[in-house]
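Below is a short set of questions and answers about one chain. The sequence and the model come first.

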Amino acid sequence: KVRDAGMLSDPRLVDWMVRTAAAAKIPYQIEVLESGTTDARAIQLTRAGVPAGCVSIPCRYIHTPSEMVDIQDVHNAVRLLLALVSQPVQLG
């Protein structure tokens, strides 16, 4: 996620996530969400500020009893998160 209505991802984090996904051949999309926000907003605004970013899974019918995701998107999000946390953080 690059941004949503409440937060702007640290560009270094976005770049790190994109580089990691590309290196691991994990498909990804860049998200700009016009409305709504995540807990990353509160994290980003803590004290003097904390670099924040998000990994989102595309979802249809969000916030309803029938939310739907593609299972491959879930698997790829997990793969990306594992790739990110299994190496030292490298913010260019």
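Q: On the other side of α1, which residues are exposed?
A: The model is predicted, and helix α1 covers residues 11–23. The buried residues of α1 are Leu13, Val14, Trp16, Met17, Thr20 and Ala21. They cover an arc of only 160° around the axis, which puts them on the same side of α1. On the other side, the exposed residues are Pro11 and Ala23.

Q: What is the mean pLDDT of the protein chain?
A: In this predicted model, 99% of the residues of the chain reach a pLDDT of 70 or more. Among the elements, the lowest mean, 86, belongs to helix α2 (residues 40–44), and the highest, 97, to helix α3 (residues 71–85). For the protein chain, the mean pLDDT is 91.

Q: In what order do the elements of the protein chain run from the N terminus on?
A: The protein chain has three helices. Its count of strands is zero. From the N terminus on, the order is therefore α-α-α.

Q: What radius of gyration does the protein chain have?
A: The C-alpha trace spans about 40 × 30 × 20 Å along its principal axes. For 92 residues, a compact globule would have a radius of gyration near 12 Å, and the value of the protein chain agrees with this. That value is 14 Å.

Q: How far does helix α1 reach from its first C-alpha to its last?
A: Helix α1 has 13 residues. At 1.5 Å a residue, the expected reach is 18 Å, and the model comes close to this. From first C-alpha to last, α1 reaches 18 Å.

Q: Against which element do the buried residues of α1 pack?
A: Trp16 and Met17 are among the buried residues of α1. An α-helix has 3.6 residues a turn, so residues three or four places apart point the same way. The element that the buried residues of α1 pack against is α3.

Q: Which residue caps the N-terminal end of α1?
A: The cap involves a side-chain oxygen and the backbone nitrogen of Arg12. These two atoms lie 2.8 Å apart. The residue that supplies the side-chain oxygen is Asp10.

Q: Which residue just after α1 takes a positive phi?
A: Helix α1 ends at residue 23. Just after α1, phi takes a positive value of about 55°. The residue is Lys25.

Q: Is Arg47 buried or exposed?
A: Arg47 lies in the loop between α2 and α3. Its phi is near 50°, a positive value in a residue other than glycine. The relative accessible area of Arg47 is 85%, and the cut-off for exposed is over 50%, so Arg47 counts as exposed.

Q: What relative accessible area does Tyr61 have?
A: Tyr61 is also placed in the loop between α2 and α3. Although Tyr61 is not a glycine, its phi is positive, at about 60°. Tyr61 is partly exposed, with a relative accessible area of 46%.

Q: With which residues is Asn76 in contact, leaving aside its neighbours within four places in sequence?
A: Asn76 is found in helix α3. Its relative accessible area is 13%, and Asn76 is buried because this falls under 20%. With neighbours within four places in sequence left aside, Asn76 is in contact with Ile26 and Pro27.

Q: What share of the contacts with a separation of 6 or more comes from residues 24 or more positions apart?
A: Of the 92 residues of the protein chain, 23% count as buried. Among contacts in the chain with a separation of 6 or more, the share from residues 24 or more positions apart is 68%.

How values were computed: Residues are numbered from 1 along each chain as its sequence is written. This is a predicted model: local features need pLDDT of at least 70, side-chain atom pairs count only at pLDDT 80 or more; totals for chains, interfaces and linings use all residues. Side-chain values use heavy atoms; hydrogens and water are left out. pLDDT is the predictor's confidence in each residue, from 0 to 100. Helices (H or I, at least four residues) and strands (E, at least two) are DSSP runs, numbered from the N terminus. The expected span of a helix is 1.5 Å times one less than its number of residues. Buried means under 20% relative accessible area, exposed over 50%, partly exposed in between (1.4 Å probe, protein chains only). The arc is that of the directions from the helix axis to the C-beta atoms. Contact means heavy atoms within 4.5 Å. A polar contact is a pair of N or O atoms within 3.5 Å; within protein, one must be able to donate a hydrogen and the other to accept it, and residues adjacent in sequence count only if both atoms are side-chain atoms. The radius of gyration is taken over C-alpha atoms; the globule rule is 2.2 Å times the number of residues to the power 0.38.
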